[in-house]
Structures are given as structure tokens and as C-alpha cells.
Amino acid sequence: MDRNIEKRNELLAQKVIKGLGSRNMTGYYAKDREEAKRIALSLIPEGSSVTMGGALSAHEIGLVEAVQTGNYVFIDRAKFENPREAMLAAYDADWFLSSANAMTEDGVLVNIDGNANRVSCIANGPKHVLFIVGMNKVCSDIDGAMKRARNVAAPINAQRFGLNTPCSKTGACQNCKSPDTICCQFLITRFSRHAGRIHVILVNDALGF
Ligand code: SF4
């Protein structure tokens, strides 16, 4: 990566980390994917139960594979026949891995969900939440973060899951109420009441979408 881009990301990440701290959340900066994985694994004690929701970024840094093959209890919700049992198991996990649809320079996280399984676990349930966030997700303010979530992340996710939404055909949000919409819930995480619950690793790379 160009050194000037790296420097910009490093400086911006310090601002984001400061903002997270002011919101009772903890931020870290990783200079590359490998370092992000190292930091993540240093946070999650061996033996912990770990689950995830829509965490492409965690896959991209190799964290999901490391947890699945390591000394952890990985809760794979896809393996549950009963969705309610899967949800209850996720709520009870020690760690929940997630990416963010967008976040702000001052540490606010923005996430959109259809079934709410991801945003509900971020809001409450698992003892810890670990976000893996590429610097491409950092926006100047909440307005920019919401626009990114709705005009970049959501249309790509709608295409990824083969959903019949206007954005999957046009590439931009049409503020739909179609039965397939994935924009049912918007979660803005601006403060955590529980110190040590929410951790965010900012990665000097473009991750997810
Ligand atoms: S509201 Fe509808 S059109 Fe807009 S991003 Fe969500 S699913 Fe797509």
C-alpha cells in the first residue's frame, strides 16, 4: 500500500480509537490483516465460545478459520435445525464476531439488518463483541455512514443473497419496502454501558463492502 495512504489511515484510526474510548468501547489499529488477526486472537481467550454474524471482514483476515480450527467452541448457526435455538446459542456466546456496515470518525458504528440476528447480538446478548473494520468503512459523520450503509453495503448484500430489491437492480438504495428488503433494522451504536464488551479492530486495508 502507498505509504501516504498508510499514514493517513494510521492518523485517522487514532481519531476513531479516541472516539471509541469516549463511548466506553475499545479500539485497536492493525497495520495489515495478519496483525489484525493477531490482535483478535490475543483478545479471545482459548476455550471461549465464539459465534458470528455477517462478518466477511473476519473471514478476510483469516480470523474465522483460526477460530474454527483453534481451541475454541465455535457456534455455527448454520448447523442448527431450529433457528430459535441457534439464536439463543448465539446470545449466550462469550464472543460475537462482526463487521460494520460503516462507522464514523468519532467512533459511532452503523449496521443494517434484515432478520436482526446480527444487530440484536451487537446490542445485547454475547458477553463480548469484536468488530473487524477496514478503514474503507470509516466515514466523516453519521450522515455519511448511513449513506454508505444504504448505498454501498446494502445493495451489495442484496445482490450477494439474490434478493429481489430495487437496489439489486440499480445499485443504489430506493428506500424500498419490498418483502425482500434487508433494511428492516438500523442499529447505531453510540455508547456501550458495559466497559470491555465492545472492541473494534481497525485494519489498514479495504475489507468487506
Ligand atoms: S431500502 Fe431497499 S432499496 Fe434501499 S438498500 Fe435497502 S433493500 Fe435496497
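In this predicted model, strands β7 and β10 run parallel and are joined by six bridges. Both strands belong to an open sheet of six strands with parallel pairing. An open sheet of four strands, with mixed pairing, is also present. The points below take the two sheets in turn, then the helices and the shell around the ligand.

**The six-stranded sheet**

- The order of the strands in this sheet is β1-β10-β7-β4-β2-β3.
- β1 (26–30) and β3 (73–74) are the edge strands, and each of them pairs on one side only.
- Within the β7 and β10 pair, L130 has H199 in β10 as its bridge partner.
- On the way to β4, strand β7 runs parallel again, and four bridges join β4 to β7.
- L130 in β7 stands opposite L97.
- L97 in β4 also stands opposite M52.
- Strand β2 (residues 49–53) runs parallel to β4 (residues 95–98), and four bridges join the two.
- β7 is mostly covered, since six of its seven residues are buried.

**Y29 on strand β1**

- Is Y29 buried or exposed? Y29 is buried, because 20 other C-beta atoms lie within 10 Å, and a residue counts as buried at 20 or more.
- Y29 is found in strand β1, an edge strand of the six-stranded sheet.
- Leaving out residues up to four places away in sequence, Y29 touches E10, A13, I17 and L202.
- Y29 and I39 are ten residues apart along the chain, and their C-alpha atoms are separated by 9.0 Å.

**Helices beside the six-stranded sheet**

- Helix α1 (residues 3–22) lies across β1 and β10 (198–203), and runs at about 165° to β1.
- Helix α2 (residues 33–43) has A36, K37 and A40 among its residues, and these three are buried.
- Seen down the axis of α2, the buried residues fall within an arc of 100°, so they line one face of the helix.
- An α-helix has 3.6 residues a turn, so residues three or four places apart point the same way.
- E34 and S42 lie on the other side of α2 and are exposed.
- What do the buried residues of α2 pack against? They pack against β1, α4 (63–69), β7 (128–134) and β10.

**The four-stranded sheet**

- The order of the strands here is β8-β5-β6-β9.
- The edge strands are β8 (138–139) and β9, each pairing on one side only.
- Helix α7 packs on this sheet and touches β5, β6 and β8; its direction makes about 170° with that of β5.
- Strand β5 (residues 102–104) pairs with β6 in the antiparallel sense, over two bridges.
- In this pair, A102 has V110 in β6 as its bridge partner.
- The hairpin of β5 and β6 has four residues between the strands, and G107 takes a positive phi near 90° in that hairpin.
- On its other pairing, β6 joins strand β9 (residues 185–189) in the antiparallel sense, over five bridges.
- Across the β6 and β9 pair, I112 stands opposite F186, and N111 stands opposite L187.

**Burial of strand β6**

- Why is β6 largely enclosed by the rest of the structure? Five of the five residues of strand β6 (residues 109–113) are buried, so the strand is largely enclosed.
- L109, N111 and D113 point one way from β6, while V110 and I112 point the other way.
- In a regular strand the side chains alternate between the two faces of the sheet.

**The shell around the ligand**

- There are 14 residues around the ligand, and A154, C167, C173, C176 and C183 come nearest.
- Which elements give two or more residues to the shell? They are α7 (142–160) and α8 (166–170).
- α7 gives the most to the shell, with four residues.
- Sorted by class, the shell has nine nonpolar, four polar and one charged residues.
- Helix α7 thus appears in two settings: α7 gives residues to the shell around the ligand, and α7 packs on the four-stranded sheet.

Notes. Residues numbered from 1 in each chain as written. Predicted model: local features only at pLDDT ≥ 70, side-chain atom pairs only at ≥ 80, totals over all residues. Pairing = 2+ DSSP bridges. Contact = placed C-beta atoms within 7 Å. Axes fitted to C-alpha atoms, helices over the stretch in contact; angles between N-to-C directions. Near = placed C-beta within 6 Å. Nonpolar A, V, L, I, M, F, W, Y, C, P; charged D, E, K, R; others polar. Buried ≥ 20, exposed ≤ 12 C-beta atoms within 10 Å, placed from the backbone. Arc of directions from axis to C-beta.
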